[in-house]
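Me: Could you take a close look at one part of this structure for me, the place where the two chains meet, and then show me how it fits in with the rest? I'm in my first year, so please explain the terms as you go.

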Amino acid sequence: MSEPALKAEHLVKTFGDGQVAVRAVDDVSLVVVRGELVVIMGPSGSGKTTLVSMLGALLRPDSGSITIDDVEVTELDGTSLAALRARKIGFIFQSFNLLDALTVEENILFPAHLARGGVRSAKTYAQDLLQQLNLQPRRSARPATLSGGEKQRVAIARALINRPQLIFADEPTGNLDSQSGQDVMMILYDIARDQGCSVVLVTHDPRVLDVADRVLWLEDGALRDRKNEQHSWVKDPVCGMRVDEWTASLFSEHGGDRYVFCSQRCLDRFVVEPTCYAVSTQSE
Amino acid sequence: MIRWILKSLTSEPWHLVASVSAIGGAFALALFFEAVFAGESKQIVAYIDQSDADVWVMQRGVSNMHMATSYVSDWKADKIENIEGVNKVTPILYLNTVMQAGGRSWFSFIVGIESGNARAGPWSIAEGKQLPGPGEAIVPAVLARLAGLGVGDTISIAGHEFTVAGLSDGTFSMANSITFVTLADLADIMSTFASMSYFLVDVAPGVDSIALAKRVTSEIEKVNAVDNRHFTKNDREVAMQMGLEIIVLMTVIGGTLAILLTGFSVHSSVSRKEHEFAVMKALGVQNKMIYFCVMVYAIGLALLGFSLAVILVLVATPITASFVPQVTLQVTMPALLRFIVAALVVALLAAILPVRRIVRIDPVQAFKVS
Ligand SMILES: Nc1ncnc2c1ncn2[C@@H]1O[C@H](COP(=O)(O)OP(=O)(O)OP(=O)(O)O)[C@@H](O)[C@H]1O
Ligand SMILES: [Mg+2]
């Protein structure tokens with residue numbers, strides 16, 4: 001169980017130079033073991049996507065090391081990185097990213113062309129996945145005709161087709177309704193539990209906390225310890241609704257205090273006239 | 001994989017149709033000028049071609065017909081006829097001049113032929129007589145149509161009036177037209193006596209024209225004899241000198257346009273699919289695979305465009321012939337082959353344009369929420 005699938009040490013990534021430089025990821029180290037479901041949470045802009053891009057061999061860190069299967073990823077050239085992604089890593093994106101011109105089945109089989117086994121051997125597995133993810137009736141459909149939940153299930157099948165040891169999912173439920181989001185979460189949970197595949201999941205969705213093996217909290221590019229409480233309730237200063245500070249993604253600063261909002265609408269109103277709302281203290 | 005990437009590249013039918021049409025248009029333009037050039041260069045030597053003499057004999061120092069002047073004493077015909085291997089000698093008089101017809105001036109080649117001898121006369125008649133009698137002329141049917149003339153109307157050649165007795169086919173091009181009159185009438189116009197311009201020599205079966213031409217040149221003083229093939233070549237060279245440059249220029253413009261349009265289409269297809277390419281890269285597709293597919297796509301576009309151009313020009317040929325009779329279009333096999341090669345070169349050039357762009361597409365883009 002404790003065999004590491006991925007090991008990252010002292011990862012740093014900065015965008016831009018000088019005055020406009022943003023240290024998106026600042027000295028992050030972590031180990032993901034086989035079959036583990038790791039959740040990364042953190043406010044918007046805290047570097048979650050940047051971190052996942054580096055772990056998934058899509059983006060080169062400025063410094064630090066990433067080891068997958070005893071291979072030092074940061075030393076590979078572009079061609080080897082692409083080959084590594086094709087064989088060992090699966091991605092699930094917030095905006096699904098299916099190829100519009102291809103059918104559901106072709107989308108699922110697409111990465112199989114890049115694996116050693118080829119498409120023929122992957123076809124049977126694709127049938128299983130279609131079955132498991134309840135996509136069989138839609139196998140010949142074009143992505144444009146699918147619902148969001150269906151699209152994300154196709155994307156999950158595509159990520160699984162080459163039986164990767166690592167799956168990275170960046171806000172996979174961000175564009176889904178509550179029920180479809182719940183389904184996707186449970187599928188990812190099953191993947192980690194049943195297939196021995198490690199899943200690194202970036203999300204704002206608090207429901208996943210119950211099934212995650214580990215939750216990492218990223219803030220300003222660095223991993224922080226998360227308090228033990230499951231929730232930290234604060235009040236939206238505009239509408240007065242209860243918001244979980246840990247998972248909320250909308251913030252604003254005023255007079256040295258930090259405010260959390262339930263929606264963009266509330267945030268927009270606050271920004272126009274902060275003094276109207278900032279008077280009441282937030283914490284309950 | 002290649003098939004699926006191509007499927008993605010070609011997933012927008014209207015974009016594809018627009019690209020192929022634009023490329024097809026540019027190729028059609030180039031092909032059209034090429035066809036005009038081929039048609040004109042065939043038409044310009046139509047008389048030499050159709051009269052099909054094995055050897056042409058003319059004044060020494062002259063080696064072609066277009067815009068040339070040649071005088072040879074008529075008695076030399078007998079001397080040529082006596083050379084072994086010569087079957088038949090037919091004399092013609094020939095003059096480049098301006099002719100008045102239907103109130104307009106027409107640059108024309110006037111050919112004077114022996115009365116009653118069709119050997120050097122018009123080869124295809126649309127209407128009226130085949131051979132001119134005294135005071136009669138056989139004019140090109142196309143010229144008659146453009147000038148609004150018919151059989152029985154009057155034209156004027158160098159101040160002499162002639163009655164149109166017949167209309168001939170295949171005797172008109174943008175650069176020249178051929179009018180036939182009798183030898184005697186043309187001699188009168190040219191004020192010559194006992195002189196001919198050219199002798200058309202037919203050789204006996206099995207005799208080598210080139211060798212015979214050499215013999216004629218060496219045995220008969222002050223003449224130049226040229227075999228049919230070289231005579232045609234000389235004439236075409238002289239006649240096409242100026243036209244050629246223009247046509248080559250137009251063909252180059254059409255070709256450049258095709259390159260630009262193919263390049264633009266390929267480039268815009270790549271741009272439109274940038275996000276999908278980023279996703280493919282994130283999934284592990286290599287740059288060279290994407291690049292290969294873009295190249296196949298470019299070749300496909302160029303070949304489709306080219307096929308469309310061929311169809312357009314083949315359709316345009318008969319239409320041009322009936323609406324613009326003075327232009328002769330000819331689509332030749334060598335020209336088509338040359339254009340296919342050009343189309344492939346165009347495709348490869350066009351595929352080079354988006355290389356940098358493809359390489360620069362960042363797979364991290366796949367995480368961007370559209
Ligand atoms: N390509 C880039 N160029 C410049 N700055 C970037 C780039 N990518 C990310 N950043 C910056 O790095 C920081 C971290 O961005 P990142 O997208 O990783 O955050 P995130 O935690 O995924 O946010 P969200 O929850 O909104 O998706 C942000 O300040 C962002 O503006
Ligand atoms: Mg993000």
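Reply: Here is a walk through the chain interface, followed by the domains, a ligand site and a salt bridge.

A quick note before we start: this is a predicted model, where local features need pLDDT of at least 70 and side-chain atom pairs count only at pLDDT 80 or more, while totals for chains, interfaces and linings use all residues. Residues are numbered from 1 along each chain as its sequence is written, chains are lettered from A and ligands numbered from 1 in the order in which they are written, and side-chain values use heavy atoms, with hydrogens and water left out.

Let's start with the meeting of the chains. On one side, 25 residues of chain B are in contact (heavy atoms within 4.5 Å) with 30 residues of chain A. Together the two chains bury about 2400 Å², and carbon and sulfur atoms make up 67% of that. Buried area here is the accessible area, found with a 1.4 Å probe, that two parts lose on being put together, summed over both. If you want residues to click on in chain B, go for B:W4, B:L283 and B:F367: they lose the most area to chain A, and together they supply 35% of what that side buries.

What about charges? There is one salt bridge between chain B and chain A, and its definition is a side-chain nitrogen of Lys or Arg within 4 Å of a carboxyl oxygen of Asp or Glu. You can find a salt bridge between the side chains of A:E106 and B:K7, at 2.8 Å from N to O. The interface of chain B and chain A also has 10 residue pairs in polar contact, both residues being at pLDDT 80 or more. A polar contact is a pair of N or O atoms within 3.5 Å; within protein, one must be able to donate a hydrogen and the other to accept it, and residues adjacent in sequence count only if both atoms are side-chain atoms.

Now for the elements on chain B's side. Those that give two or more residues to the side touching chain A are helix 1 (2–9) and helix 9 (274–283) of chain B. Helix 9 of chain B gives the most, with seven residues. Helices are DSSP runs of H or I with at least four residues, strands are E runs of at least two, and both are numbered from the N terminus. Sorted by class, this side of chain B has 13 nonpolar, six polar and six charged residues. For that sorting, Ala, Val, Leu, Ile, Met, Phe, Trp, Tyr, Cys and Pro count as nonpolar, Asp, Glu, Lys and Arg as charged, and the others, Gly among them, as polar.

Next, look inside chain B. Its domain assignment gives domain 1 (2–44 + 239–367) and domain 2 (51–235), with bounds that come from an automatic or database domain assignment. The C-alpha centres of these two domains of chain B are 46 Å apart. Where they touch, 10 residues of domain 1 of chain B are in contact with 12 residues of domain 2 of chain B. The area buried between these domains of chain B is about 980 Å², with 55% from carbon and sulfur atoms. The rule finds zero salt bridges across this domain interface of chain B, but four residue pairs in polar contact. Helix 2 (residues 13–43) of chain B gives the most to the domain 1 side, with three residues.

Chain A is split too, into domain 1 (4–228) and domain 2 (233–277). The C-alpha centres of these domains of chain A lie 30 Å apart. Between them, domain 1 and domain 2 of chain A bury about 720 Å², 66% of it on carbon and sulfur atoms. The counts between these domains of chain A are zero salt bridges and zero residue pairs in polar contact.

Finally, two spots in chain A. Ligand 1 has 13 residues around it, and A:S44, A:G45, A:K48, A:T49 and A:T50 come nearest, where "around" takes a heavy atom within 4 Å. A polar side-chain atom of A:T49 lies 2.6 Å from an oxygen atom of ligand 1, and a polar side-chain atom of A:S44 lies 2.7 Å from one. Elsewhere, the side chains of A:E36 and A:R214 form a salt bridge at 2.7 Å, N to O. That pair links distant parts of the chain, 178 residues apart.
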